[in-house]
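Here are some worked exercises on cores and salt bridges. Keep the sequence and the 3D view open, and try each task before you read its solution.

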Amino acid sequence: MLEEIYIKRNPPLNLLPEDEKLFEGDYECRFKIHPILHLEKSIILQDTVFSPSHMSFYTTHTHVNSLGILPVGKRIAHCILKKWRKIPHAIWIKDEWSANYFHWMTDCLPRLWIGLNTGISNQVILHDSYRHLPYVSESLKILNVKAIFYQSNENLLVDNLVLTPRTATFPNFNVDLTQLTRKKLSVQSEKKPNRKIYISRKYAPKRKTHNEVDVELLMIKHGFEIFYTEKLNLKEQISLMSETKTLVSLHGAALTNMIFLPEDSEVIELRNQEDSKTNCYFNLANALGLKYYYTLNQGDTPDSITSDFTIDLKALEKVISQLND
């Protein structure tokens with residue numbers, strides 16, 4: 001039976017009347033999530049889970065976009081030549097979007113919490129490619145959770161598998177579980193959080209700002225420190241956020257770090273003015289009870305995932321001044 005979740009959100013604190021159309025579709029939402037499952041003697045074939053006793057694949061739990069008959073058939077055919085490994089117990093927490101900082105923190109970790117809560121297992125199953133993602137190994141080490149990595153050339157037989165569902169539909173968040181991620185990973189600063197941080201994408205492979213030098217000079221003028229997350233490990237990012245009062249960044253994975261901000265902190269998202277669909281960071285700030293502000297900026301394309309930006313410096317300075325009032 002599916003569980004229905006209802007969420008109501010507050011608008012941005014600097015919302016302009018002409019921009020309401022960008023956010024109003026997310027002021028309220030309802031979504032349904034699948035139940036968590038405990039499967040005995042299940043089989044992991046590549047990126048899918050199969051239960052011989054139920055003669056069923058559980059693609060609703062292993063994929064955002066369910067697999068069709070042909071892809072499932074290929075996985076069955078390919079498993080014949082692979083070696084087998086037996087696992088006594090484990091938790092499944094991933095899908096095809098999971099190898100990404102944002103989705104690991106906001107999708108996988110909430111799934112981990114409900115998996116651990118069953119008491120059946122304290123270890124997760126991940127493909128070997130996850131071994132090379134620093135934020136995966138670092139977060140699991142902090143949480144004292146063991147990962148079992150499997151290769152593409154093997155099938156797994158799991159005696160007791162906790163099969164977790166996605167805890168929210170994108171771009172929504174399960175509020176309680178998102179706040180639990182903050183509770184489990186954040187650290188308490190010894191002093192009152194008062195740092196103003198701008199996270200630059202200067203060294204990122206995509207989604208950069210054409211006028212980055214001007215943006216950084218503006219931020220420094222207003223007392224902001226400039227950081228590049230590529231040069232910080234996870235513990236350093238968590239520690240930095242624990243001391244932060246105001247976080248500013250371009251739409252992108254760096255804003256995921258708002259999870260580690262103390263309650264009542266402020267977030268300014270530099271958005272693409274051509275994009276009226278991507279409200280994931282607005283939604284995340286609401287789930288965490290943070291003060292959300294925004295500016296609209298010219299993107300090279302409407303696609304915020306790939307576009308480079310030209311930041312509206314006047315709009316950014318106006319928002320910063322508003323915070324200082």
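**Exercise 1.** Classify R85 as buried, partly exposed or exposed, then do the same for its salt-bridge partner E154.

*Solution.* Start with the cut-offs: buried means under 20% relative accessible area, exposed over 50%, and partly exposed in between (1.4 Å probe, protein chains only). R85 has a relative accessible area of 29%, so this residue is partly exposed. E154, at 6%, counts as buried. Next, check the bond: a salt bridge needs a side-chain nitrogen of Lys or Arg within 4 Å of a carboxyl oxygen of Asp or Glu. Between E154 and R85 the closest N and O atoms are 3.0 Å apart. Finally, place the pair: E154 sits in strand β9 (residues 154-163) and R85 in strand β6 (residues 83-92), 69 residues apart. Helices (H or I, at least four residues) and strands (E, at least two) are DSSP runs, numbered from the N terminus.

A note before you go on: this is a predicted model, where local features need pLDDT of at least 70 and side-chain atom pairs count only at pLDDT 80 or more, while totals for chains, interfaces and linings use all residues. Residues are numbered from 1 along each chain as its sequence is written, and side-chain values use heavy atoms, leaving out hydrogens and water.

**Exercise 2.** Find the salt bridge between R182 and E263 and describe the surroundings of each partner.

*Solution.* The N to O distance is 3.8 Å. R182 belongs to helix α6 (residues 175-185), whereas E263 lies in the loop between β12 (244-250) and β13 (266-272), 81 residues away. R182 is buried at 9% relative accessibility, but E263 is exposed at 63%.

Which residues share partners in one salt-bridge network? They are D95, D107, R111 and R166. In total, the structure holds 17 salt bridges.

**Exercise 3.** Locate the largest nonpolar core and name the members that touch the most others.

*Solution.* A nonpolar core is a set of buried Ala, Val, Leu, Ile, Met, Phe, Trp, Tyr and Cys residues joined through side-chain atoms within 4.5 Å. The largest one has 53 residues, and W104, M105, L112, M258 and F260 touch the most other members. Helix α4 (residues 101-116) supplies the largest share of this core, 8 residues. Apart from it lies another core of 16 residues, including Y198 and L218.

**Exercise 4.** List the contacts of M258 beyond its neighbours within four places in sequence.

*Solution.* Contact means heavy atoms within 4.5 Å. By that test, M258 meets L247, V267, Y281, L284, A285, L288 and L290.
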